[in-house]
Structures are given as C-alpha cells and as structure tokens.
Amino acid sequence: MKTFMLAGHETSAAMMTWTLYELMGNPELRQQVIDEAQRVFGNYDTADTVHNSSNNTTGDDDKVLQAENLVHLTLSEACLKESLRKYSVVPIV
C-alpha cells in the first residue's frame, strides 16, 4: 500500500513540477492559464476567503472548493497532459 501511495505522490509532484517549469518559460501561456483560473474561480485573496469563511452565509466563497468547476480548466488540463507527454514519469519497459 505504501508503494502505491508514494508512487502516486511522486507522479503528481513530477507532473506539476514539469508543468510549472514549462509555464515559467512561456509567459504568454502562463498568463492564459492564470486568466482561465481567475475566470473559473474568481479573483480573490485565498487567505481572506479561508479566514472569513465562518462569517459567510451565502456560500460564495466555497466556489473554489467545488469539483464541478474543474471541468472548466481545459487549458490547465492540456498543459498538465503535455507535461506528462514530454516528461513521462512512467519508466519505459
């Protein structure tokens, strides 16, 4: 079980690391990913949202935590998949 947990962790960490590496080298694409995230999740201060969540009765601050919003991150998903394609973390057998 430990092997599965560590293998999944390493794969995700490597994918995110390579994606961030590629985005840092492409400012235009990086800005598009940022714009997409702001469009899907809104433009707000995360620390402020967490701090004030107990006072919120409308549930607006919970938008960032809803899994349904993730399907709208098409460019972000494409960037992650391209990183997996370019920098495969699965050893070739």
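Guide: Accessible areas here come from the Shrake-Rupley method with a 1.4 Å probe, and for residues only the protein chains shown count as cover. This is a predicted model, where local features need pLDDT of at least 70, side-chain atom pairs count only at 80 or more, and totals for chains, interfaces and linings use all residues. Residues are numbered from 1 along each chain as its sequence is written, and side-chain values use heavy atoms, without hydrogens or water.

Visitor: What percentage of the accessible surface of the protein belongs to carbon and sulfur atoms?

Guide: The accessible surface of the protein comes to about 7500 Å². Carbon and sulfur atoms account for part of that area, and their portion is 61%.

Visitor: Which pattern does the protein follow along the sequence?

Guide: The protein has 4 helices (DSSP runs of H or I, at least four residues, numbered from the N terminus). Strands (E, at least two residues) number 0. Read from one end of the sequence to the other, the pattern is α-α-α-α.

Visitor: Of contacts between residues at least 6 apart in sequence, what percentage join residues at least 24 apart?

Guide: A contact means heavy atoms within 4.5 Å. Two such long separations show up in C-alpha distances as well: Leu20 and Cys79, 59 residues apart in sequence, lie 9.2 Å apart in space, while Met15 and Ser88, 73 residues apart, are separated by 8.3 Å. Among the contacts you ask about, those joining residues at least 24 apart make up 77%.

Visitor: Which helices each supply at least two residues of the lining of the largest pocket?

Guide: A pocket is an open set of points on a 1 Å grid where a 1.4 Å probe fits, with protein on both sides within 12 Å along at least five of seven lines, and lining residues have an atom within 4 Å of a point. Leu20, Leu23, Val33, Ser76 and Cys79 are among the lining residues. Leu20 and Leu23 belong to helix H1, and Ser76 to helix H4. The helices that each meet your condition are H1 (2-24), H2 (27-41) and H4 (74-86).

Visitor: Is Leu23 buried or exposed?

Guide: Leu23, in helix H1, touches Leu29, Arg30, Val33 and Cys79, leaving aside residues up to four places away in sequence. Its C-alpha is 10.0 Å from that of Ser83, 60 residues along the chain. Because its relative accessible area is 10%, and under 20% is the cut-off (over 50% is exposed, in between is partly exposed), Leu23 counts as buried.

Visitor: And Leu20, buried or exposed?

Guide: Leu20 lies in helix H1 and lines the largest pocket. Its relative accessibility is 53%, so Leu20 counts as exposed.

Visitor: Which residues does Ser76 touch, not counting those up to four places away in sequence?

Guide: Ser76 sits in helix H4 and is buried, at 16% relative accessible area. In the protein as a whole, 14% of the 93 residues count as buried. With its sequence neighbours up to four places away left out, Ser76 touches Val33 and Glu36.

Visitor: How far apart are the C-alpha atoms of Arg39 and His72?

Guide: Arg39 lies in helix H2 and is exposed, at 60% relative accessible area. His72 is 33 residues away along the chain, and the C-alpha separation is 9.2 Å.

Visitor: What is the relative accessible area of Ser88?

Guide: Ser88 is found in the segment after H4. Ser88 is partly exposed, because its relative accessible area is 48%.

Key. Buried < 20%, exposed > 50% of the residue type's maximum accessible area, 1.4 Å probe, protein only.
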